[in-house]
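The exercises below are meant to be worked with the sequence and the structure side by side. Each one sets a task and then goes through the solution step by step.

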Amino acid sequence: MNPELATYGPVTCLNVTGMGEPGGSEHVSAIGALYAVAAGMGGPVGPLEGLWFVEDERPGLEVPRELWRWHLLLPLAGVPEPGLVERAREEARSSGAAVDRVRVATFTEGECVEVLHVGAFSEEYRSLAVMEAFMAERGLVPNGPHHEVYLTAFDDPQPRTVLRQPVRQGPV
């Protein structure tokens, strides 16, 4: 597991924002809404991604999971044509998914440290520790929410997840 530096420019996504533990009802509902609207749009989307953060002074992994906040994302090939997302929401409304929560968002992370984590989500702390050491060696500090790109299904026995942390130079 070797962390790398990478730079990411603007990306346009379908987005749902929420709070709660991964795999909890709020989280699962948001994922369903994203995919329902994406299906109605008919175009390609990237893998599911999550930006995770806490509004607490404690390190994120020390905060109870039900207090974790997130933005779930499905990257799009480009900015959707006007009205497309609204039409897709209307088509998906009968699915029962909370489609009104789905928005289009564009964001830029800039410089990031990232690593491919292979294994259980509960073991991510090991990969995060490697990333933190890599950042400390280079004088880098977090510059935005922790980012995960889910390369496999959540029930895959050997999940693969890109762990990404936007960074900036720390104080000298």
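A residue counts as buried when its relative accessible area is under 20%, as exposed when that area is over 50%, and as partly exposed in between. The model is a predicted one, and every value below was computed from it.

**Exercise 1. Describe the overall build of the chain, and decide how its radius of gyration fits that of a compact globule.**

Solution. Begin with the inventory of elements, which comes to three helices and nine strands. Read from the N terminus, these elements follow the order β-β-α-β-β-α-β-β-α-β-β-β. Next, take the dimensions: along the principal axes, the C-alpha atoms fill a box of roughly 50 × 30 × 30 Å. For 172 residues a compact globule would have a radius of gyration near 16 Å, and because the chain has 17 Å, the two agree. Finally, 41% of the 172 residues count as buried.

**Exercise 2. Work out which strands pair with β3, and in which sense.**

Solution. First locate strand β3, which spans residues 49–53 and is mostly covered, with four of its five residues buried. On to its partners: β3 pairs with strand β4 (residues 69–75) in the antiparallel sense over five bridges, and Glu49 stands opposite Leu73 in β4. Strand β8 (residues 146–150) also runs antiparallel to β3, and four bridges join the two; here Gly50 stands opposite Glu148 in β8. β3 is therefore paired with both β4 and β8, under the rule that two strands pair if at least two bridges are found between them.

**Exercise 3. Examine the salt bridges Arg69–Glu55, Glu114–Arg164 and Arg126–Glu123, and state for each residue whether it is buried, partly exposed or exposed.**

Solution. The whole structure holds 10 salt bridges, and three pairs are taken in turn here.

1. The side chains of Arg69 and Glu55 meet with an N to O distance of 3.2 Å. Arg69 belongs to strand β4 and Glu55 to the loop between β3 and β4, so the pair ties together parts that are 14 residues apart in sequence. Arg69 has 28% relative accessibility and so counts as partly exposed, whereas Glu55, at 61%, is exposed.

2. In the salt bridge of Glu114 with Arg164, the closest N and O atoms are 2.8 Å apart. This pair links distant parts of the chain, since Glu114 lies in strand β6 (residues 110–118) and Arg164 in strand β9 (residues 160–169), 50 residues apart. Both Glu114 and Arg164 are buried.

3. Arg126 and Glu123 form a salt bridge whose closest N and O atoms are 2.4 Å apart. Arg126 is partly exposed at 48%, and Glu123 is partly exposed at 28%.

Beyond these pairs, Glu90, Arg93 and Asp100 are linked in a network of salt bridges.

**Exercise 4. Characterise the largest pocket: which element gives the largest share of its lining, and how do the lining residues divide by character?**

Solution. Start from the volume, which is about 940 Å³. The lining of the largest pocket has 29 residues, and the closest to its centre are Leu61, Trp68, Leu128, His146 and Glu148. The elements that give two or more residues to this lining are α1 (25–41), β3, α3 (124–137) and β8. The largest share, seven residues, comes from α3. As to character, the lining divides into 18 nonpolar, seven polar and four charged residues.

Technical notes:
Residues are numbered from 1 along each chain as its sequence is written. This is a predicted model: local features need pLDDT of at least 70, side-chain atom pairs count only at pLDDT 80 or more; totals for chains, interfaces and linings use all residues. Side-chain values use heavy atoms; hydrogens and water are left out. Buried means under 20% relative accessible area, exposed over 50%, partly exposed in between (1.4 Å probe, protein chains only). A salt bridge is a side-chain nitrogen of Lys or Arg within 4 Å of a carboxyl oxygen of Asp or Glu. On a 1 Å grid over the protein atoms alone, a cavity is a set of points where a 1.4 Å probe fits but cannot get out, and a pocket is an open set with protein on both sides within 12 Å along at least five of seven lines; lining residues have an atom within 4 Å of a point. Grid points are joined across faces, edges and corners, and a volume is the space filled by probe spheres set on the points. Ala, Val, Leu, Ile, Met, Phe, Trp, Tyr, Cys and Pro count as nonpolar, Asp, Glu, Lys and Arg as charged, and the others, Gly among them, as polar. The radius of gyration is taken over C-alpha atoms; the globule rule is 2.2 Å times the number of residues to the power 0.38.
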